[in-house]
Amino acid sequence: MNGLLIANKNQESRDQLASLFDQSEYQVVKADAVANALEGIINKDIQVVVIDGHYDEQNIVKLIPLLKKCNRNISIILVSDEMPIDLERRIRKEGIFYHALKTAGEDNGEEIRQAVSYAFKKYEENTTIQAATRRKEKAMFPIKSMLSTIAITLMLVTPAFAVDTAQTYSSGILVMLLVGFCGLLIVAQLVPAVLVLFGLTKAAVQGASEKKQASGVK
């Protein structure tokens, strides 16, 4: 189940924010501090964190990367009053998912619900992409190992088959085989062209001979 953490020092505000998700499919966890729910974040039982209330500017900047280290895919939504533009840039740089402003006299519950919904979708997408990447890397590992083994084997075998260095030609037998194979490919490409040219020459000779015979008959 999708785990949603709502952290706010004020219990009334915390309960009010949690009530926005009473009818949702999320498993809502309430705490007066994010630190009290770190275990759920580390175990990935909580995928989205909503931090609501007033926090020290320096602490919030330090908290975001800490949560990212616990779970790099976690989505962090910050609900607060207006803050200095420099601070907002810093928290966005640290990887915050969304910043919702508390609007006096206006219900911004729908905005927060939509932000949470999109955060869960983004979490699932990132998790799926990373899982696919891990499967691809796991599937490619045997191939990489095989290629590495072949490369090492060739490096060890080539000197063993190398001819006497006193001779003018000093390449190994594997190099000779490679050159011979390339030569065969080139010959195979030239054979059709030679056959066509031979056919055209033969047809031209026959045509000239027939014309000569026709002229003699007349």
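**Exercise 1. How many helices and strands does the secondary structure of the chain come to?**

Let's start with the ground rules. This is a predicted model, in which local features need pLDDT of at least 70 and side-chain atom pairs count only at pLDDT 80 or more, while totals for chains, interfaces and linings use all residues. Residues are numbered from 1 along each chain as its sequence is written, and side-chain values use heavy atoms, with hydrogens and water left out.

*Step 1.* Count DSSP runs, numbered from the N terminus: helices are H or I with at least four residues, strands are E with at least two. The result is six helices and five strands.

*Step 2.* Read their order from the N terminus: β-α-β-α-β-α-β-α-β-α-α.

**Exercise 2. Find where confidence is lowest and highest in the chain.**

*Step 1.* Use pLDDT, the predictor's confidence in each residue, from 0 to 100. Its mean over the chain is 76, and 69% of the residues reach 70 or more.

*Step 2.* Go through the elements: helix 6 (residues 173-217) is lowest, at a mean of 69, and strand 1 is highest, at 91.

*Step 3.* Where pLDDT is low, the predicted coordinates should not be read in detail.

**Exercise 3. Trace the chain from strand 1 to strand 2 and give the handedness of the crossover.**

*Step 1.* Strand 1 and strand 2 (residues 27-31) run parallel, joined by five bridges; DSSP must find at least two bridges for two strands to pair. Across from Leu5 stands Val29 of strand 2.

*Step 2.* The path between these strands leads through helix 1, and this β-α-β crossover is right-handed. That is, with the strands pointing away from the viewer, the path from the first strand over the helix to the second runs clockwise.

**Exercise 4. Work out which residues of helix 1 are buried and which are exposed.**

*Step 1.* Apply the cut-offs: buried is under 20% relative accessible area, exposed over 50%, partly exposed in between (1.4 Å probe, protein chains only).

*Step 2.* In helix 1 (residues 11-18), Arg14, Leu17 and Ala18 are buried. Their directions fall within an arc of 100 degrees seen down the helix axis, so they line one face; the arc is taken from the axis to the C-beta atoms. Glu12 and Gln16 are exposed on the other side.

**Exercise 5. Identify the element that gives the most to the largest nonpolar core.**

*Step 1.* Such a core is a set of buried Ala, Val, Leu, Ile, Met, Phe, Trp, Tyr and Cys residues joined through side-chain atoms within 4.5 Å. The largest has 22 residues, and Leu5 and Ile60 are among those with the most contacts inside it.

*Step 2.* Helix 3 gives the most, with six residues.
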